[in-house]
Every structure is written in C-alpha cells, then in structure tokens.
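Biologist: I would like to go through this structure with you, step by step. Could you put it on the screen and begin with the way the helices sit on the sheet?

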Amino acid sequence: MLSKFAVTNYRGFAQRIELDLSNPGKYDFNAHAIKNGVVKSAIVYGSNGSGKSNLGFAVFDIVHHLTLKNKQNDYGKNFTFAGCKGEPAKFEYYFIFNSQVVVYTYSKNSSAQLVEESLSVDGEMWFHRNGGLELNEALFPVSNEMKEKWKNPANNTSFVSFLLGTFPFEENSVLVKMQNFVDSMLFFRNLEERSYIGFDVGNAAIEKFIIENNLVQDFSKFLKDVSGQCFDFATPSAGDEILQCNVNGASIPFSYVRSTGTSSLTLFYYWYARMKALPFVFIDEFDAFYHFELSMNVCKKLFELSDTQVILTTHNTHLMTNYLLRPDCNFILENNKIKPLDECTEKELRFGHNMEKLYRGGTFSV
C-alpha cells in the first residue's frame, strides 16, 4: 500500500506538500476504511485551483518512468513550478509491503528528466544515484565499470528498472512487489475529456468490452443499483460492438438514450469491473456529472473493495459524513497543504457530528 507521498516544486506546488495516509485516528467506526494501519479509502476536498488534479498527476509520476502503461497526455509540460527555475521537482513515495517499509525518492528537472534517485528498505539504503552511484554492494555486486556508466546515463533510465532487469529477485521481494504495485496503479477522470494513466495501454472501446466479457446483464444491474435507472438491453449478436436498448419495440443504440451522467457512469463501470485486481486507484472529480445520491452509492461500491486503495477528489461536501467514512479519511487540500479533518480542528470529532455543517461553518483550518 501507499502509506505516504510528498512532492516539491511540481506544477502548482512550490513548497513540499505531503499526503500522509499512515497516521489514522482512533475511531471505532467504519473500520473498513483502514487496512494494516494505513488509510485505504479517502476523499480529498478542495476549491477550484487548489491542486486536486495536480496531486493525482504527481502521485502517478512514478508510472511514467517505471512502466510502459498509458501516459499523461501533456506529461512534461510546465513540469516544475514556474517561480523555481533551475530547481528540480522531488517525489517521495513510502510503500508498505508485508510490513516492510520501502522509501523511493527521485528528482526530475524542468524537462521531466531524471536527475537523482534513491531507494531504502526498512531504513537500509539499497542505492543512491546523484551524478555518482552509491550502492549496497552486499545486495547488488556491480563492477566499477558499470558504476562509471551510471554517473551520467544518456538514456534517462531508472536504476530501479536496471536492477529489476539485471538481478534475479524472488517473487516476494519488496522490489518486485513495488514494481507490481506501480504497474497496476490507475488514475482516471471524465471531465473535458476522458483520460487515464497507468494499468493499461491504448484506448478501449467500453461497450465492446462489456459485450465481449458477457457483462451486459451485470452492467444493467449496476445501473439499477447505483442510479435507479432501468435499461432493457438487447441480447448482443456475434460481432456486436455497441449496446442496443429495447425502447417501445425498437432497438436503439445505448449512446442515443443515455444522459451525460449515465455516460460518465458507463466509463466508471468499465474501470470498476476491473478494479478488484488493482492495488491503487485515484479518480479525479469522480462525481462531476453525478447527482449527490449517485455519488454516495458509487463511493459505497468503491469502498467495499477490500484489496484496493482508493483516493477520490470532489467538490461534493454531501459526502463528508461519518456514515460513509471517518474524519481521518476525509482530507482538505488548501494553501499547499493537505490534512485530514481530525487534524484540522481541536474539536473532538464524534460519529454523530455533522461533518459537512462543521466544514461549511469554518471549523476546519488547514
């Protein structure tokens, strides 16, 4: 799991900003939101321009240089904060795998080129690369010639990728676990355009996926469960790639009868049908086209996933309720800081408190 993340000098974040998921409060309700002492389910609230999207992009920077999965469309554009010319952007990842703490940090210049990198496990340094290469040779014996080559590699390769491609690791190695985790991370949103980062490669035909995986009836049930909408889908024929609805005896393409919100929900279902295999999901403005009750139902579906760490961003303060999560799982992003509600007030927060009312009333100060 990702237990902590921090980034400095990236896009709109001039100063270091830290998302700490490793310090949950002592609440005895909604225990499903915490796993192994780490926040598993979280919602991030923030005003327009506060940096919610950039937080997601920053977390997923690790996907760009450790995997070949789908990339951010404008990656590398305005990469570092405009007022800190010449200073690199620094990324800090804290993972927990089988009780072992992996700390992976690296820096990139304004062109998004890797300039520094280090990895430690349970406080033991595995390597540090910054011009030269400092290496734990008890773990990784490397020749002096190879060390020289790593002083200034022209291909901008990550040393983590080099280790994984050169040395034999057991399946339960923390480095292999980190690779598998990053390889399956997923970021997506459905705002001005649909986009995603990680997990997969290329562009998917959503309705074709539903048909080919025999999910038409499951999709119909999903729409009924979360939104109350009833669609009578026609049984697909061999080779069909679009969904058809039976309407007054006629067969009409689903795209003709679905609303903007239902279109967004269709995209969500496409990813949700595959989420049980994913360790980490970040959905930006997940409910931009949803009714508030639909937002709540979608959250419940997501937070029921026992093995998937989920972070959502939203403007919808209706979700800021202890019936859904807990104060330590609701985060406020403001003024280059991000904190859970229980750290934003000296007031003792209990299950019966109306969190949305307290938030709107100015109780919480980041």
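**Helices and sheets in the model**

Modeller: Helix H4 lies across strands E7 (100–108), E8, E9 and E10, and runs at about 120 degrees to E9. Helix H5 also packs on the sheet, where it touches strands E1 (2–8), E6 (89–97), E7, E8 and E9, and its direction makes about 115 degrees with that of E6. Touching, or contact, means heavy atoms within 4.5 Å. Angles run from 0 to 180 degrees between N-to-C directions, with axes fitted as lines to C-alpha atoms, for helices over the stretch in contact.

Biologist: What should I know about the model and the labels?

Modeller: This is a predicted model, in which local features need pLDDT of at least 70 and side-chain atom pairs count only at pLDDT 80 or more, whereas totals for chains, interfaces and linings use all residues. Residues are numbered from 1 along each chain as its sequence is written, and side-chain values use heavy atoms, leaving out hydrogens and water. Helices (H or I, at least four residues) and strands (E, at least two) are DSSP runs numbered from the N terminus.

Biologist: How do H4 and H5 cross?

Modeller: The axes of H4 (residues 159–166) and H5 (residues 174–183) come within 11 Å and cross at roughly 115 degrees. H4 passes H5 in a left-handed crossing. Val-160, Leu-163 and Leu-164 of H4 make the contact with Leu-175, Val-176, Met-178 and Gln-179 of H5. By class, there are six nonpolar residues, one polar and no charged in this contact.

Biologist: How are those two terms defined?

Modeller: A crossing is left-handed if the near helix is turned anticlockwise from the far one by less than a right angle, and right-handed if clockwise. Ala, Val, Leu, Ile, Met, Phe, Trp, Tyr, Cys and Pro count as nonpolar, Asp, Glu, Lys and Arg as charged, and the others, Gly among them, as polar.

Biologist: And the sheet: in what order do its seven strands come?

Modeller: The order is E2-E1-E6-E7-E8-E9-E10, in an open sheet with antiparallel pairing. E2 (17–20) and E10 (132–135) stand at the edges with a single partner strand each, so one side of each has no neighbour in the sheet. On average, neighbouring strands are turned by 5 degrees against each other, direction ignored. Two strands pair if DSSP finds at least two bridges between them. For example, E8 (residues 114–121) and E9 (residues 124–130) pair over five bridges, and Ser-118 has His-128 in E9 as its bridge partner.

Biologist: Changing topic: is strand E16 buried or exposed?

Modeller: Six of the six residues of E16 (residues 309–314) are buried, that is, under 20% relative accessible area, with exposed being over 50% and partly exposed in between (1.4 Å probe, protein chains only). Gln-309, Ile-311 and Thr-313 lie on one side of E16, and Val-310, Leu-312 and Thr-314 on the other.

Biologist: Which strands pair with it?

Modeller: E5 (residues 41–45) pairs with E16 in the parallel sense over five bridges, with Val-44 opposite Thr-313. E15 (residues 280–283) also runs parallel to E16, joined by four bridges, and Ile-283 stands opposite Leu-312. E15, helix H10 (residues 292–303) and E16 make a right-handed β-α-β unit: with the strands pointing away from the viewer, the path from the first strand over the helix to the second runs clockwise.

Biologist: What comes between H10 and E16?

Modeller: A loop that contains Thr-308, which counts as buried at 0% relative accessibility. Beyond its neighbours within four places in sequence, Thr-308 is in contact with residues including Lys-40, Met-275 and Phe-280.

Biologist: One last topic: which face of E18 is buried?

Modeller: In E18 (residues 337–340), Ile-338 and Pro-340 point to one face and are buried, while Lys-337 and Lys-339 point to the other and are not. E18 pairs with E17 (residues 330–334) in the antiparallel sense over four bridges, and Glu-334 has Lys-337 as its bridge partner. The two strands form a hairpin with two residues between them, and Asn-335 in the turn has a positive phi of about 55 degrees.

Biologist: What about phi at Asn-248?

Modeller: Most residues other than glycine have a negative phi. Asn-248 has a positive phi of about 50 degrees, lies in the loop between E13 (244–247) and E14 (250–253), and is exposed at a relative accessible area of 82%.
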